[in-house]
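Trainee: I would like to go through the labels given to this protein and check each one against its definition.
Mentor: Then ask about them one at a time.

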Amino acid sequence: MRASRVALVGLLLIAGLIVGGASAPVVAQGHFGVTAGFYQPEESDADLTEVYGIRGGYRFDPRFGFEGSVTRVDLADAFDIEEDPFLPDFNLEIDITNFDFSLQWFPGGGNFVVFGGPGVALIDADVSVTIFGQRFSESDSSNVLTAHAGLGYTWQIGDRFFIRPEARVRAYFDDELDEDDDFAVSYEAVDYEAGLTFGWRF
């Protein structure tokens with residue numbers, strides 16, 4: 001799995017270096033897009049799961065721009081929770097909403113982009129279990145600081161529409177848990193994300 005992630009990033013980098021500098025510079029312009037892709041948690045036993053988001057930004061110079069994005073992933077979908085005969089009705093939800101701010105660099109003023117920056121993740125967790133007809137549930141939320149970096153390439157289709165594949169890595173910096181809480185959630189990991197953005201320039 002890790003080899004495939006490295007290969008994906010490498011292919012994007014090579015493609016950008018080959019064609020990125022040959023693309024025509026763009027004038028200052030804003031953009032908005034929607035994204036769908038795959039999310040890979042750091043844990044070796046975790047599966048790929050889906051991630052969705054929206055983003056918008058502004059390219060104020062052929063070489064530089066910025067972007068803000070909001071993505072959401074159900075982290076519980078990436079883990080196989082084995083059924084326990086003593087817990088016949090068990091449900092776990094862990095939703096992560098990532099707010100990223102990216103500074104963008106376009107080498108050669110083309111369409112290949114290197115980006116990175118800070119962010120914050122909102123983690124919502126809910127667990128419920130039914131034992132002998134009695135239902136128990138707990139929930140918790142926390143905010144975790146993050147940092148990310150990535151690569152992408154934009155294919156322009158017509159005057160306004162574009163498609164951009166990208167790959168990014170995001171580090172979550174663990175929030176200190178309150179030992180007095182019966183149920184508390186936080187996250188410390190380095191996760192991977194690859195997606196496709198469908199966007200419009202204005």
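The talk below takes some labels in turn and sets values against definitions.

Mentor: This is a predicted model, in which local features need pLDDT of at least 70, side-chain atom pairs count only at pLDDT 80 or more, and totals for chains, interfaces and linings use all residues. Residues are numbered from 1 along each chain as its sequence is written, and side-chain values use heavy atoms, with hydrogens and water left out.

Trainee: How many helices and strands does the protein have?
Mentor: The protein has one helix and nine strands. Helices (H or I, at least four residues) and strands (E, at least two) are DSSP runs, numbered from the N terminus. The order from that end is α-β-β-β-β-β-β-β-β-β.

Trainee: What makes β1 and β2 a pair?
Mentor: Two strands pair if DSSP finds at least two bridges between them. β1 and β2 (residues 49–59) are joined by eleven bridges and run antiparallel, so they meet the rule. One of the bridges sets G30 opposite Y58 in β2. β1 is also joined to β9, by ten bridges, and these two run antiparallel as well. There, Q40 has Y192 of β9 as its bridge partner.

Trainee: Why is D95 called buried?
Mentor: Buried means under 20% relative accessible area, exposed over 50%, and partly exposed in between (1.4 Å probe, protein chains only). D95, in strand β4, has a relative accessible area of 18%, so D95 is buried. R72 has 38%, so R72 is partly exposed. Of the 202 residues of the protein, 43% count as buried.

Trainee: How do you know that R72 and D95 form a salt bridge?
Mentor: A salt bridge is a side-chain nitrogen of Lys or Arg within 4 Å of a carboxyl oxygen of Asp or Glu. For R72 and D95 the N to O distance is 3.3 Å, so the pair qualifies. R72 lies in strand β3 and D95 in strand β4, so the pair ties together parts that are 23 residues apart in sequence. The count by this rule is nine salt bridges.

Trainee: Which other residues meet in salt bridges?
Mentor: D100 and R170 do, at 2.7 Å from N to O. D100 is in strand β4 and R170 in strand β8 (residues 161–173), 70 residues apart. Both D100 and R170 are buried. E166 and R164 form another, with their closest N and O atoms 3.1 Å apart. A network of salt bridges includes D100, R164, E166 and R170.

Trainee: What makes V34 fit for a nonpolar patch?
Mentor: Patches are made of residues with over 30% relative accessible area and no salt bridge; like charges are joined within 9 Å, nonpolar side chains (Val, Leu, Ile, Met, Phe, Trp, Tyr) within 5 Å. V34, in strand β1, has 34%, so V34 passes the area cut-off. The patch measures about 1,100 Å², and its residues include V34, F32, W200 and F202. Strand β9 gives the largest share, three residues.

Trainee: Which residues touch the most other members of the largest nonpolar core?
Mentor: A nonpolar core is a set of buried Ala, Val, Leu, Ile, Met, Phe, Trp, Tyr and Cys residues joined through side-chain atoms within 4.5 Å. In the largest, with 14 residues, those touching the most other members are Y39, L75, I96, I123, Y172 and Y187. Strand β5 gives the most to this core, with three residues.

Terms used
Accessible areas come from the Shrake-Rupley method with a 1.4 Å probe; for residues, only the protein chains shown count as cover.
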